[in-house]
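Good morning, everyone, and thank you for making time for this one. Please have the sequence and the model open in front of you, and follow along as I go through them.

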Amino acid sequence: AQHFFLSALSLNAQFFNLGDTINTLSTASMMLSHTLEKVIVDEFNQFAEHHLNILLTSNKELISMKSEYETSLQTVLHNKQGGENTNDNMYIIKKNRCESLRKQYELKRYDHCIILNNIINRHRYDIILNLC
């Protein structure tokens, strides 16, 4: 009977130690979680909020310009295939507008690439520094 009593005390002590270890791990886990949130997650969210908004605005403008250019191009091509007089003033106006839209679209694509490169090249180090 005494052997069982000592065994039970030993088991209680082991469970107490186990509980203490679990409590220490839980505290360390919470501290690590808080640190990761402040150092990595908040920094990524702030980075994404600032740069992603610029990129999304540029992307919307690019898509809009592309759509406008393609619509103009289809109009010009349709008029040309329709056998209309290609010297017609209206055709020339549409053609000039299409060429102007193409130039604007190409410049916007270039600007969009610059924005992407700036985010990738210049701000990549900001992200990496937050991880170190």
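Of the 132 residues in this protein, 12% count as buried, and I should say at once that we are looking at a predicted model. The protein exposes about 10700 Å², and carbon and sulfur atoms supply 59% of that area.

Let me turn to the overall build. The secondary structure comes to three helices and zero strands, so that, reading from the N terminus, the order of elements is α-α-α. As for how the chain meets itself, if we take the contacts between residues at least 6 apart in sequence, 76% of them join residues at least 24 apart.

How far does the predictor trust its own result? The average pLDDT of the protein is 84, and 83% of the residues score at least 70. Confidence is highest in α2, with a mean of 92, and lowest in helix α3, residues 124-131, where the mean is 68, and I would ask you to keep that in mind when you look at the C-terminal helix α3.

Now to the inside. In soluble globular proteins, nonpolar side chains tend to be buried together. Here, the largest nonpolar core has seven residues, namely Leu62, Tyr69, Val76, Tyr91, Cys98, Leu101 and Tyr105. Two elements, α1 (2-81) and α2 (89-122), each give two or more residues to this core, and the largest share, four residues, comes from α2. If you find Cys98 on your screen and leave aside its neighbours within four places in sequence, you will see that Cys98 is in contact with Tyr69, Ser72, Leu73 and Val76.

Which residues does Ser58 touch, not counting those up to four places away in sequence? Ser58 lies in helix α1, and the residues it touches are Lys108, His112 and Ile115. Ser58 counts as buried because its relative accessible area is 2%, whereas the cut-off for buried is under 20%.

Finally, let us go to the surface, where Leu11, Phe15, Leu18 and Ile22 make a nonpolar patch of about 390 Å². Is Leu18, one of these four, buried, partly exposed or exposed? Leu18 is found in helix α1, and because its relative accessible area is 44%, which falls between the limits of 20% and 50%, Leu18 is partly exposed.

Conventions:
Residues numbered from 1 in each chain as written. Predicted model: local features only at pLDDT ≥ 70, side-chain atom pairs only at ≥ 80, totals over all residues. Heavy atoms only, no water. Buried < 20%, exposed > 50% of the residue type's maximum accessible area, 1.4 Å probe, protein only. Contact = heavy atoms within 4.5 Å. Areas by Shrake-Rupley, 256 points an atom, 1.4 Å probe, with all protein chains shown as cover. Core = buried A, V, L, I, M, F, W, Y, C linked by side-chain atoms within 4.5 Å. pLDDT = per-residue confidence, 0-100. Patch = residues over 30% accessible without salt bridge, like charges linked within 9 Å, V, L, I, M, F, W, Y side chains within 5 Å. Salt bridge = Lys/Arg side-chain N within 4 Å of Asp/Glu carboxyl O.
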